[in-house]
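Please take a moment to look at the aromatic rings in the structure below, and at what lies next to them. The paragraphs that follow take them in turn.

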Amino acid sequence: GHARPFDIAAAWQALHGHAGPGQPVALLHMGTAHTLVALRGEGGAPGPLVSLTVGRHKTARDFFRRDVPTPLELENAIASVEDEVYLAHRQYAQQPGAARAAWWSTDAHLLALARLAGVPPGPTMLLTLDAMERLFQRLAAVSEGRPAASEGLPESVEFATTLLLLRELMHHMPFGVLHLAAAA
């Protein structure tokens, strides 16, 4: 079935009351072909959308030949995604409140990723850079031949891509914590 188009109004609604008042919020949505960042600056006014031409399916198709990427495939994907994130960051950083924004997402794929990283499930979850990086090291070990099951990871190219995209975003946008809330 086709994924429904991302409903940004519903995502903002789901975050209502979670982020502190007056706190700028960067809303992250990782789609199949694009990744979107919507910033709501001081005073709650939404800024322009930043769109990256990387996504869970597109990036997988562009770089990965099988469910578990090879170390070289990971490297090539990282180099390409880094360029995209760098361009997006330049666009994002010009917006008022960008540097202070709390990063949030309502994406089910990112919630699942946080659970794999060991974040306790709850109405809101916090995925730190360290926890994400440890999860990425487990993926790297699998790419080098360790069985995915021994790391408790899915053999899924979508999982690998989602994690890789999130890693590049956290490192280069940059932000140290991703707040997650389940969409209503």
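Which residue lies over the face of Phe 136, and at what distance from the ring centre? In this predicted model, the residue is Arg 167, which is placed 4.3 Å from the centre of the ring of Phe 136. An arrangement of this kind also involves Trp 12, since the charged end of Arg 40 sits over the ring of Trp 12, at 4.0 Å from its centre.

From charges over rings we can turn to rings beside rings, of which the structure holds two aromatic pairs. One of them is formed by Tyr 92 and Trp 103, whose ring centres are 5.3 Å apart and whose planes make an angle of 50°, so that the pair counts as tilted, because stacked pairs have planes under 30 degrees apart and edge-to-face pairs have planes over 60 degrees apart. This pair links distant parts of the chain, for Tyr 92 belongs to helix α3, which covers residues 71–93, while Trp 103 belongs to strand β4, which covers residues 102–105, and the two are 11 residues apart. Tyr 92 and Trp 103 are both buried.

Trp 103 also pairs with Phe 175, and here the rings are stacked, with 4.0 Å from centre to centre and 5° between the planes. This pair, too, links distant parts of the chain, reaching from Trp 103 in strand β4 to Phe 175 in the loop between α6 (157–172) and β6 (177–181), with their positions 72 residues apart in the numbering. Phe 175 is buried, as is Trp 103. Taken together, the ring pairs join Tyr 92, Trp 103 and Phe 175 into a cluster.

Terms used: Residues are numbered from 1 along each chain as its sequence is written. This is a predicted model: local features need pLDDT of at least 70, side-chain atom pairs count only at pLDDT 80 or more; totals for chains, interfaces and linings use all residues. Side-chain values use heavy atoms; hydrogens and water are left out. Rings of Phe, Tyr and Trp (its six-membered ring) pair if their centres lie within 6.5 Å; planes under 30 degrees apart count as stacked, over 60 as edge-to-face and the rest as tilted. Helices (H or I, at least four residues) and strands (E, at least two) are DSSP runs, numbered from the N terminus. Buried means under 20% relative accessible area, exposed over 50%, partly exposed in between (1.4 Å probe, protein chains only). A charge sits over a ring if NZ of Lys or CZ of Arg is within 6 Å of the ring centre and within 35 degrees of the ring normal.
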